[in-house]
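Let's take a look at this one together. Have the sequence and the 3D view open as you read.

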Amino acid sequence: MRVPKVDGTFLEVETIVDEDDVRAALADVCAVVADLGIGPEALTLETYRCAVAAQR
């Protein structure tokens, strides 16, 4: 995904699970991200809105 006014390319990975399965789902998402060659230094909890606001 490209976000106007923010440099870089973003990948958003989501999953829908029951509350009891969150830990396993997070492990699955982390595995997919790692398989794509994306290291932990590239991860952020920042929202697109906050990233755009920081650029203004």
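Start with Leu 11, which counts as exposed because its relative accessibility is 52%; exposed means over 50% relative accessible area, buried under 20%, and partly exposed in between (1.4 Å probe, protein chains only). Leu 11 sits in the segment before α1. Before going on, a word on the source: this is a predicted model, where local features need pLDDT of at least 70, side-chain atom pairs count only at pLDDT 80 or more, and totals for chains, interfaces and linings use all residues. Residues are numbered from 1 along each chain as its sequence is written, and side-chain values use heavy atoms, with hydrogens and water left out.

Leu 11 has company: together with Val 13, Val 32 and Leu 36 it forms a nonpolar patch on the surface, with about 340 Å² of accessible area in total. Patches take residues with over 30% relative accessible area and no salt bridge, joining nonpolar side chains (Val, Leu, Ile, Met, Phe, Trp, Tyr) within 5 Å and like charges within 9 Å. A salt bridge, in turn, is a side-chain nitrogen of Lys or Arg within 4 Å of a carboxyl oxygen of Asp or Glu. Areas come from the Shrake-Rupley method with a 1.4 Å probe.

There's a charged patch too. Asp 18, Glu 19, Asp 20 and Asp 21 gather in a patch of negative charge on the surface. Asp 18 belongs to the segment before α1 (22-35).

Here's how three residues compare in place and cover:

| Residue | Place | Relative accessible area |
|---|---|---|
| Val 6 | segment before α1 | 14%, buried |
| Asp 18 | segment before α1 | 57%, exposed |
| Ala 53 | helix α2 (residues 48-55) | 47%, partly exposed |

How far apart in space are Ala 53 and Val 6? C-alpha to C-alpha, they are 9.4 Å apart, with their positions 47 residues apart in sequence. Val 6 and Leu 43 are 37 residues apart in sequence and 15 Å apart in space, again by C-alpha atoms.

Now the whole chain. The protein chain has 2 helices and 0 strands, taken as DSSP runs (H or I, at least four residues, for helices; E, at least two, for strands). Its radius of gyration over C-alpha atoms is 13 Å, well over the 10 Å from the globule rule for 56 residues, so the chain is more spread out than a compact globule; that rule is 2.2 Å times the number of residues to the power 0.38. Buried residues make up 14% of the 56.

How values were computed
Lys, Arg positive; Asp, Glu negative; His and termini not counted. Charge placed at Lys NZ, Arg CZ, Asp CG, Glu CD.
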